[in-house]
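Colleague: Could you walk me through how this one is put together? I'm new to this, so keep it simple.

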Amino acid sequence: EGRYDIKWVEQLPDLVTDTGKTFDRQPWVVCFGSKDKRLDFAMIVAHVTWGDLTQPRIAEIKTLGKYYSQVFLKEQDVLVVGDFNRDVGDPPSLGWLQDSLGLLDTTSPGLPTHVSSTSTYDHILYHPDHTTEYTGRHGVVLFDETHFGNDDTKAKMVGSDHRPVWIELRIPSKDDD
């Protein structure tokens, strides 16, 4: 609608996980701002590795904490978003981000974000002290049910095997950072 600008976009330098590997898909960062300069926020967008072993996924998620700290130096309203291939509250990964950085997950444990399973792999995480614009409204777009009559095969072929997640941000009277 023309109310927002992309302020900056960057691929952060390759970070090495505690297992000595780089990310299979390096995260990107994009910072958005309203044209009237009352709201800006950065998003770290990640698609965490997939495979039979969980340790590489956990290692990538923990390394997102390093990305968060780097981005936080430029912008305090930071959202960490994407397909983490781990369920809500997973103690060694998403739970670690919550415990170590104070990030909260907007994904609800009872509403799957994967079309054909009960998995909650897609997340939007934020820090409640810094992203005060979050209204508490969030959800999952059930496009496979509403647009494809719950035909998972067709939904995956036309769209994705993951359902989009969303949050609502309010535009304050002035930017808080």
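Modeller: Sure, and one term to start with: two residues are in contact when they have heavy atoms within 4.5 Å of each other. Keep in mind that this is a predicted model.

Colleague: Okay, so leaving aside its neighbours within four places in sequence, which residues is Leu64 in contact with?
Modeller: Skip anything within four places of Leu64 in sequence. What's left within 4.5 Å is Phe23, Pro27, Ile44, Ala46, Val80 and Phe84.

Colleague: Which element supplies the largest share of the largest nonpolar core?
Modeller: That core has 20 residues, and Leu64 is among those touching the most other members, along with Ile44, Val80 and Phe84. Strands S2, S3 and S4 and helices H1 and H2 each supply at least two residues. The largest share, 5 residues, comes from H1.

Colleague: At what angle do H1 and H2 pack?
Modeller: H1 covers residues 55-72 and H2 covers 94-101, with axes 8 Å apart. The contact is made by Ile61, Lys62, Gly65 and Tyr68 of H1 and by Leu94, Trp96, Leu97 and Leu101 of H2. The crossing is right-handed, and the angle is about 35°.

Colleague: Why are the buried residues of H2 on the same side?
Modeller: The buried ones are Leu94, Gly95 and Leu97. They pack against H1, strand S5 and strand S6. They sit on the same side of H2 because the arc they cover around the axis is only 160°.

Colleague: And what follows H2?
Modeller: Look just past the end of H2 for a residue with a positive phi, near 80°. That's Gly102.

Methods. Residues numbered from 1 in each chain as written. Predicted model: local features only at pLDDT ≥ 70, side-chain atom pairs only at ≥ 80, totals over all residues. Heavy atoms only, no water. Axes fitted to C-alpha atoms, helices over the stretch in contact; angles between N-to-C directions. Helix = DSSP H or I, 4+ residues; strand = E, 2+ residues; numbered from the N terminus. Left-handed = near helix turned anticlockwise from the far one by under 90°. Buried < 20%, exposed > 50% of the residue type's maximum accessible area, 1.4 Å probe, protein only. Arc of directions from axis to C-beta. Core = buried A, V, L, I, M, F, W, Y, C linked by side-chain atoms within 4.5 Å.
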